Amino acid sequence: MLFYQRIAFYGFIGITFFSCDYLQKDIPNEKELLEKRLQQVNWKSLTAYPVLANCDTLEQKEAQKLCLLQTVHDSLQKYLLQESHLQMKEIDTMQMLVGISAKGEWSLQTQPANSDFYQMECALLKKLQTIPVKEPAQKEGIPVQIQWQIPIVLSWKN
């Protein structure tokens, strides 16, 4: 019995000793891996759009985008229609540059920037800040800033 145990022990040691060469693998070059990964990333599109409180149940990326855009547009349009004290000079449509930072903070600017619209920009930014951002936009799991331009139709009563 002792003889078989020794054979088994030496056989195990021999197999372990000679099989170590099979376990060694080439370690890939870090720079090559980085270059390969950077080529795979689509830098022109987001992984995920910002998630607003009323859009958090949507799973699909495109549905989240549409919900985001519709919520912002409707909120700004509704506010402008309610606020008759914000008077403009014969403007039918204005372009707004709306943004959400990587920290989930709103930004707003009329395009082109105009000092006549400062009061309106402040009021609209306060309105946007009432819309909670649950998560900012993401690219490859990293929070990023996003900006987009939306037209706001103004219809003022004379």
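Glutamine 64 is a buried residue, with a relative accessible area of 11%, and in this predicted model it offers a convenient point from which to begin. Glutamine 64 belongs to helix H3, and, once its neighbours within four places in sequence are left aside, the residues in contact with glutamine 64 are Tyr49, Val51, Cys55, Leu58 and Glu59. Because the limit for a buried residue is under 20% relative accessible area, the value of 11% places glutamine 64 in that class.

A second residue, glutamate 140, is described by its backbone as well as by its exposure. Glutamate 140 is found in the loop that runs between strand S5 (137–139) and strand S6 (142–144), and it has a positive phi of about 55° although it is not a glycine. Most residues other than glycine have a negative phi. With a relative accessibility of 39%, glutamate 140 counts as partly exposed.

The two residues are set side by side below.

| Residue | Location | Relative accessibility | Class |
|---|---|---|---|
| Glutamine 64 | helix H3 | 11% | buried |
| Glutamate 140 | loop between S5 and S6 | 39% | partly exposed |

Helix H3, which holds glutamine 64, also takes part in a helix pair. The axes of helix H3 (residues 61–82) and helix H4 (residues 118–128) come within 10 Å of each other and cross at roughly 130°, and the two helices are therefore oblique to each other. The crossing of H3 and H4 is right-handed. On the side of H3, the contact is made by Val72, Ser75, Leu76, Tyr79 and Leu80, which meet Met120, Ala123, Leu124, Lys127 and Leu128 in H4. By class, the residues of this contact between H3 and H4 comprise eight nonpolar, one polar and one charged.

These elements belong to a chain that contains four helices and seven strands, arranged along the sequence in the pattern α-α-β-α-β-β-α-β-β-β-β. The chain has 158 residues, of which 28% count as buried, and glutamine 64 is one of the buried residues. When contacts between residues at least 6 apart in sequence are considered, 68% of them join residues at least 24 apart. The accessible surface of the chain comes to about 11,900 Å², and carbon and sulfur atoms account for 56% of that surface.

Notes:
Residues numbered from 1 in each chain as written. Predicted model: local features only at pLDDT ≥ 70, side-chain atom pairs only at ≥ 80, totals over all residues. Heavy atoms only, no water. Buried < 20%, exposed > 50% of the residue type's maximum accessible area, 1.4 Å probe, protein only. Contact = heavy atoms within 4.5 Å. Areas by Shrake-Rupley, 256 points an atom, 1.4 Å probe, with all protein chains shown as cover. Axes fitted to C-alpha atoms, helices over the stretch in contact; angles between N-to-C directions. Parallel < 35°, antiparallel > 145°, perpendicular 65-115°, else oblique. Left-handed = near helix turned anticlockwise from the far one by under 90°. Nonpolar A, V, L, I, M, F, W, Y, C, P; charged D, E, K, R; others polar.
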